[in-house]
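Reader: I'm new to this one. Can you put it up and walk me through it?

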Amino acid sequence: MTMHDPMLDHVSLGCADLDASGAFYDAALAPLGYRRVFARNIGIAYGPGPGRDGLLFWIIQPSGDEAPHASRGNHVAFSAVRRGDVDAFFDAALSGGGTANGEPGLRPEYSKTYYAAFVRDLDGHKIEAVYRAPNP
């Protein structure tokens with residue numbers, strides 16, 4: 001990474017009602033210059049848009065009966081420069097006592113070039129490392 005590359009790729013928060021929370025964040029973030037730039041069944045993303053740079057803040061509704069702060073909801077995604085860095089993050093996190101929560105691999109449900117790994121840290125927080133290959 002160079003000094004100008006961001007450390008964080010994105011942050012997501014769980015919500016109990018995706019539609020209601022979407023309306024809330026649509027209104028609350030507009031005065032700050034952020035807008036809804038992506039919406040699918042996995043959640044709603046906000047940012048300056050358009051494109052990948054817009055996917056900075058997410059709201060996600062956890063599946064099942066889990067609380068909004070659990071499951072797929074709250075997590076921090078760290079930027080990686082290469083796929084191999086994602087693999088190394090995963091291995092180091094597990095060696096340090098973390099728990100696997102999604103092995104390294106492509107996540108086509110997010111995008112064709114999204115390569116990530118998910119881990120729960122020692123306190124159960126979800127962390128992710130993600131490499132985004134340039135679009136072909």
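**Sheet, helices and a histidine**

Reader: Start small. What is the bridge partner of Leu8 in β5?

Author: In β5, Leu8 has Phe78 as its bridge partner. Strands here are DSSP runs of E, at least two residues long, and helices are runs of H or I of at least four, both numbered from the N terminus.

Reader: Is this an experimental model? How are residues numbered?

Author: The model is predicted: local features need pLDDT of at least 70, side-chain atom pairs count only at pLDDT 80 or more, and totals for chains, interfaces and linings use all residues. Residues are numbered from 1 along each chain as its sequence is written, and side-chain values use heavy atoms, leaving out hydrogens and water.

Reader: Back to those strands. In which sense do β1 and β5 pair?

Author: Antiparallel, over four bridges. β1 is residues 8–14 and β5 is residues 75–79. Two strands pair if DSSP finds at least two bridges between them.

Reader: What order do the strands of the sheet take?

Author: The order is β2-β3-β4-β1-β5-β8-β7-β6, eight strands in an open sheet with mixed pairing. β2 (35–40) and β6 (99–106) are at the edges with a single partner strand each, so one side of each has no neighbour in the sheet.

Reader: New topic. Which residues of α1 are buried?

Author: Leu18, Ser21, Gly22, Tyr25 and Leu29. Buried means under 20% relative accessible area, exposed over 50%, partly exposed in between, with a 1.4 Å probe and protein chains only.

Reader: Why are they on the same side of α1?

Author: Because they cover an arc of only 105° around the axis. The arc is that of the directions from the helix axis to the C-beta atoms.

Reader: What do they pack against?

Author: β1, β2, β3 (43–47) and β4 (57–60). Contact means heavy atoms within 4.5 Å.

Reader: And which exposed residues are on the face turned away?

Author: Asp19, Phe24 and Ala27.

Reader: Now His75. Buried or exposed?

Author: His75 counts as buried, because its relative accessibility is 9%. His75 is in strand β5.

Reader: Which side chains make polar contacts with the side chain of His75?

Author: The side chain of His10 does, at 3.3 Å, and so does the side chain of Ser12, at 2.5 Å. A polar contact is a pair of N or O atoms within 3.5 Å; within protein, one must be able to donate a hydrogen and the other to accept it, and residues adjacent in sequence count only if both atoms are side-chain atoms.
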